[in-house]
Amino acid sequence: MKIKVTSLLVDDQEKALAFYTEVLGFVKKTEVPLGEHKWLTVVSGEERDGVELLLEPMAFEPARVYQKALFDAGIPLTAFNVDDVQLDYERLIKLGVVFSMKPTRMSPVTLAVFDDTCGNNIQLVQV
């Protein structure tokens, strides 16, 4: 069993695509129109055949409630591994990304949390 696709709730797919590609550096993998929305995935530029992140539109009202509750509580919806949290933190701050948690060492990991502008807190993790 493998994980090939995981989803992330987003309030606007085009805005999410711009943020995840132009700011975070992911690469668009798949875009299939499906009526009002689309099957839209991105992958890490370092692993183009790796796990796809589906930028999932919130067409289901309970999804909005769930996403807002997590965001308001400061809970990350997902986490991305990086080699150096401090380095990525500094790079993303220069691009205007807003962090709710600066790089913090919680032995044996270092964490940081930012707002993805699409309604989610995202955690950076360095192990």
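Here is a short chat about the strands and sheet of a predicted model.

Trainee: In what order do the 4 strands of the open sheet come?
Mentor: The pairing in this sheet is mixed. β1 (5–10) and β2 stand at the edges with a single partner strand each, so one side of each has no neighbour in the sheet. From one strand to the next, the twist averages 25°. Reading across, the order is β1-β4-β3-β2.

Trainee: Which helix packs on that sheet, touching β1, β2, β3 and β4?
Mentor: Look at the β2 and β3 pair, antiparallel over 7 bridges, where V27 stands opposite V43. The helix you want spans residues 13–23, and its direction makes about 10° with that of β3. That's helix α1.

Trainee: Is V32 buried, partly exposed or exposed?
Mentor: V32 sits in strand β2 (residues 27–34). With V5, L34 and W39, V32 forms a nonpolar patch on the surface, about 330 Å² of accessible area together. Buried would need under 20% relative accessible area and exposed over 50%. V32 has 37%, so the call is partly exposed.

Trainee: Over on β8, how many of its 6 residues are buried?
Mentor: Strand β8 (residues 121–126) pairs with β5 (residues 78–81) in parallel through 4 bridges, with A79 opposite Q123. Strand β7 (residues 109–115) pairs with β8 too, antiparallel over 6 bridges. β8 is mostly covered, and the buried count is 5.

Trainee: Which residue in the turn of the β7 and β8 hairpin has a positive phi?
Mentor: Within the pair, T110 has Q126 as its bridge partner in β8. There are 5 residues between the two strands, and the phi in question is about 70°. The residue is T117.

Technical notes: Residues are numbered from 1 along each chain as its sequence is written. This is a predicted model: local features need pLDDT of at least 70, side-chain atom pairs count only at pLDDT 80 or more; totals for chains, interfaces and linings use all residues. Side-chain values use heavy atoms; hydrogens and water are left out. Patches are made of residues with over 30% relative accessible area and no salt bridge: like charges are joined within 9 Å, nonpolar side chains (Val, Leu, Ile, Met, Phe, Trp, Tyr) within 5 Å. Accessible areas come from the Shrake-Rupley method with a 1.4 Å probe; for residues, only the protein chains shown count as cover. A salt bridge is a side-chain nitrogen of Lys or Arg within 4 Å of a carboxyl oxygen of Asp or Glu. Buried means under 20% relative accessible area, exposed over 50%, partly exposed in between (1.4 Å probe, protein chains only). Two strands pair if DSSP finds at least two bridges between them. Axes are lines fitted to C-alpha atoms, for helices over the stretch in contact, and angles run from 0 to 180 degrees between N-to-C directions. Contact means heavy atoms within 4.5 Å.
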